[in-house]
Amino acid sequence: MANLNKVFLIGNLTRDPELRYTPQGSAICDLGIAINRQYTTNDGVKKEEVCFVDITAWGRQAETCNRFVKKGSQIFVEGRLKLDSWQDKETGKNRSKLNVVAERIQFLSGSGAGRQQNDEQDEQQQAYQKPVSQTQPPSQEYSRPQQPRPTAQPQAPAAQQPQAQNPPPEEIFEVDSEPDDDIPF
């Protein structure tokens, strides 16, 4: 028997993210989103309904949500449904709530404090991506220096090739002991 528990939601945050940590140090972020649906009734009247969903993000994703989104931000959530059950302390009745555990969150709008931080990061990235002028030598800080390679002599057709001769000692080239970095993976 097959099972599937997958949810895709796009909505706006109804409140600022609430970040907390477990005793073991794992980050948990609670989010609430509102998903609007507009439809037309049989009478031709346009109506709108709102669905409110609570979302829980874990780990690094939780910290990122807390840093970059705030109330009103639009997000895309991919996750799974989880049913939380407990006993109410005041009434003693059993309670339950359906929650979404986020597996992936994408930020669709960059509003608020997160947008300001994104703008600062964009400026920093642009500083690193300045074009190198042609008068400056290219930086070899991250690449291995290239060894000079012997130039290949054009080959004559097979019928006209002379017998192979041993090259004189001064023309023997050393073989590069390091492999080339052109392996396709």
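**View 1. The cysteines form zero disulfides, counting a disulfide as a pair of cysteine sulfur atoms within 2.5 Å.** This is a predicted model, in which local features need pLDDT of at least 70 and side-chain atom pairs count only at pLDDT 80 or more, while totals for chains, interfaces and linings use all residues. Residues are numbered from 1 along each chain as its sequence is written, and side-chain values use heavy atoms, with hydrogens and water left out. Take a look at Cys65: the closest cysteine sulfur, in Cys29, is 5.4 Å from its own, too far for a bond. Cys65 counts as buried because its relative accessibility is 1%, whereas Cys51, at 42%, counts as partly exposed. (Here buried means under 20% relative accessible area, exposed over 50% and partly exposed in between, with a 1.4 Å probe and protein chains only.)

**View 2. Helix H1 (59–68) turns one face inward, lined by its buried residues.** Those buried residues are Gln61, Ala62, Cys65 and Phe68. Seen down the axis of H1, they fall within an arc of 150°, so they line one face of the helix; the arc is that of the directions from the helix axis to the C-beta atoms. Helices (H or I, at least four residues) and strands (E, at least two) are DSSP runs, numbered from the N terminus.

**View 3. The largest nonpolar core holds 19 residues.** Such a core is a set of buried Ala, Val, Leu, Ile, Met, Phe, Trp, Tyr and Cys residues joined through side-chain atoms within 4.5 Å. Leu31, Ile33, Ile55, Ile75 and Ile105 touch the most other members. At least two residues each come from S1 (7–13), S3 (27–40), S4 (46–58), H1, S5 (74–87) and S6 (94–107), and S3 gives the most, with five.

**View 4. Here we zoom in on Ile105 and its contacts (heavy atoms within 4.5 Å).** Leaving aside neighbours within four places in sequence, Ile105 is in contact with Leu31, Ala57, Gln61, Cys65, Ile75, Phe76 and Val77.

**View 5. Phe8, in strand S1, is shown with its contacts.** Phe8 counts as exposed because its relative accessibility is 52%. Not counting residues up to four places away in sequence, Phe8 touches Phe76, Val77 and Glu78. The C-alpha atoms of Phe8 and Ile105 are separated by 9.9 Å, although these residues are 97 apart along the chain.
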